[in-house]
Amino acid sequence: MTSSPSPMPATTPGEDASRRSDRRKVLLAAPRGYCAGVDRAVIAVEKAIEQYGAPVYVRHEIVHNKYVVKTLEKKGAIFVEETEEVPEGNIVIFSAHGVAPVVHEEAKRGKLATIDATCPLVTKVHKEAVRYAKEDYDILLIGHEGHEEVIGTSGEAPEHITLVDGPEDVANVEVRDPEKVVWLSQTTLSVDETMETVDALKGRYPNLLSPPSDDICYATQNRQIAVKQMGAQADLVIVVGSKNSSNSVRLVEVALGAGARDAHLVDYAEEIDEAWLEGVGTVGVTSGASVPDVLVHGVLDWLAQRGYEDVETITAAEESIHFSLPKELRRDLRAEAEAATED
């Protein structure tokens, strides 16, 4: 699902920094921002409010972005941490990161109507976990402890899944049968670090089975490829995204790994420190998969006001994937929830 990027010429290593700073320009990554799963989830909340009226409850942040959450709150969304916080007879939307089966059970007990906005690519990983658990595999889930997506996936087969939080965690892994082990992964990880973890696991378990298709989502991979191209040429990379967004944090790491001298994560242009621009000729700009482009334009405007008006787009791939909205939006959920409270 990625297209082959055209390599860009890297900055000559010996080029004088002061000369580079005289030629101020911005490298703008493409693709960037909203992926299909995020777009689907955000629209699902907007449509639910429009169709059923406010309030509509959302369990956890629909996507990991401050601006998106605040915008939806103004429209009538109420974000809660636990399903039990939603009053009986209401609608609750599950976030793009997915939930464990126990959460669906909680909603049923609470007589709630549900809209499942889980990204279809996350759902794919859930189904893989269920299938391998039925076949009695030990499942090594590569991901970050505490992340909502990892919690949801682990909940599909808790007795079969062991979390592996990076290459350094491989030594702690124990399985029942080294001949019957499979790995899955969180969809928003660094591709390079994930494969480093997989290689370390294969060092311990040579017959480790890989999932039938790549678990790291196409959008995460494409954004990382673009940042790799950009990072090799940029003195500074600014990633627009929230600190609890795994894929946004990974973009900062990828930029530094690709050769950028400096890289920072910001929610808004106002968070940029002008000191970061000292001696900087080329600034790379990108955004995480849960970031609306209006925030990127805010950063570009901020940079233009400081002399970085020349913008060049670095295109790594073309994206044309779209997901249909949750099927629950085609039903009268308010009536269903009210009927459930009367039973």
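Helices (H or I, at least four residues) and strands (E, at least two) are DSSP runs that are numbered from the N terminus, and the element names used below follow that scheme. In these terms, Lys111 lies in the loop between helix H4 (101-109) and strand E5 (113-116). The structure is a predicted model, and the points below introduce its salt bridges, a helix with the turn that follows, two cis peptide bonds, two positive phi angles and two further loop residues.

**Salt bridges**

- A search of the whole structure finds 14 salt bridges, and one of the pairs is Lys25 with Glu312, whose closest N and O atoms are 3.4 Å apart.
- Because Lys25 lies in strand E1 (residues 25-30) and Glu312 in strand E12 (residues 310-315), this pair ties together parts that are 287 residues apart in sequence.
- Both partners have part of their surface accessible: Lys25 is partly exposed, with a relative accessible area of 25%, and Glu312 is partly exposed as well, at 27%.
- Glu253 and Arg250 also meet through their side chains in a salt bridge, with an N to O distance of 2.9 Å.
- These two residues both belong to helix H9 (residues 246-257), where a spacing of three residues separates them by about one helical turn.
- Which partner of this helical pair is buried, with 8% relative accessibility? Arg250 is the buried one at that value, while Glu253 has 37% relative accessibility and counts as partly exposed.
- A further salt bridge links Arg306 with Glu274, the closest N and O atoms being 3.3 Å apart.
- Arg306 sits in the loop between helix H10 (293-304) and E12, and Glu274 in the loop between strand E10 (262-266) and strand E11 (282-287), so this bridge ties together parts that are 32 residues apart in sequence.
- Arg306 counts as partly exposed at 23% relative accessibility, and Glu274 is likewise partly exposed, with a relative accessible area of 47%.
- Lys124, Glu128 and Asp215 are linked to one another in a network of salt bridges.

**Helix H2 and the residue after it**

- Helix H2 (residues 36-52) is built from 17 residues and reaches 24 Å from its first C-alpha to its last, which is close to the 24 Å expected at 1.5 Å a residue.
- Several of the residues in H2 are buried, among them Ala36, Val38, Ala41, Val45, Ile49 and Tyr52, and Arg40 in this helix is also buried.
- Just after H2, Gly53 takes a positive phi of about 85°.

**Cis peptide bonds and positive phi angles**

- Most residues other than glycine have a negative phi, and most peptide bonds are trans.
- Against that background, a cis peptide bond joins Ala30 and Pro31, with omega at about 0°, and Pro31 is placed in the loop between E1 and H2.
- Another cis peptide bond joins Ala54 and Pro55, again with an omega of about 0°, and the place of Pro55 is in the loop between H2 and E2.
- What is the phi of Lys111? The angle is near 55°, a positive value in a residue other than glycine, and Lys111 is partly exposed, with a relative accessible area of 27%.
- Asp136, in the loop between helix H5 (120-134) and strand E6 (138-142), has a phi near 65°, which is also a positive value in a residue other than glycine.
- The side chain and backbone of Asp136 are not wholly hidden, in that the residue is partly exposed, with a relative accessible area of 37%.

**Two further loop residues**

- Asp177 is found in the loop between strand E7 (161-164) and strand E8 (181-185), where at 36% relative accessibility it counts as partly exposed.
- The side chain of Asp177 reaches the backbone nitrogen of Glu179 at a distance of 2.9 Å.
- Asp177 and His144 are 33 residues apart in sequence, and their C-alpha atoms are 24 Å apart in space.
- His60 has its place in the loop between strand E2 (56-59) and helix H3 (66-75).
- Is His60 buried or exposed? His60 is buried, because its relative accessible area is 14% and buried means under 20%.
- Once its neighbours within four places in sequence are left aside, His60 is in contact with Phe79, Val80, Glu81 and Glu148.

Notes
Residues numbered from 1 in each chain as written. Predicted model: local features only at pLDDT ≥ 70, side-chain atom pairs only at ≥ 80, totals over all residues. Heavy atoms only, no water. Salt bridge = Lys/Arg side-chain N within 4 Å of Asp/Glu carboxyl O. Buried < 20%, exposed > 50% of the residue type's maximum accessible area, 1.4 Å probe, protein only. Polar contact = N/O pair within 3.5 Å; in protein donor to acceptor, adjacent residues only side chain to side chain. Contact = heavy atoms within 4.5 Å. Expected span 1.5 Å × (residues − 1).
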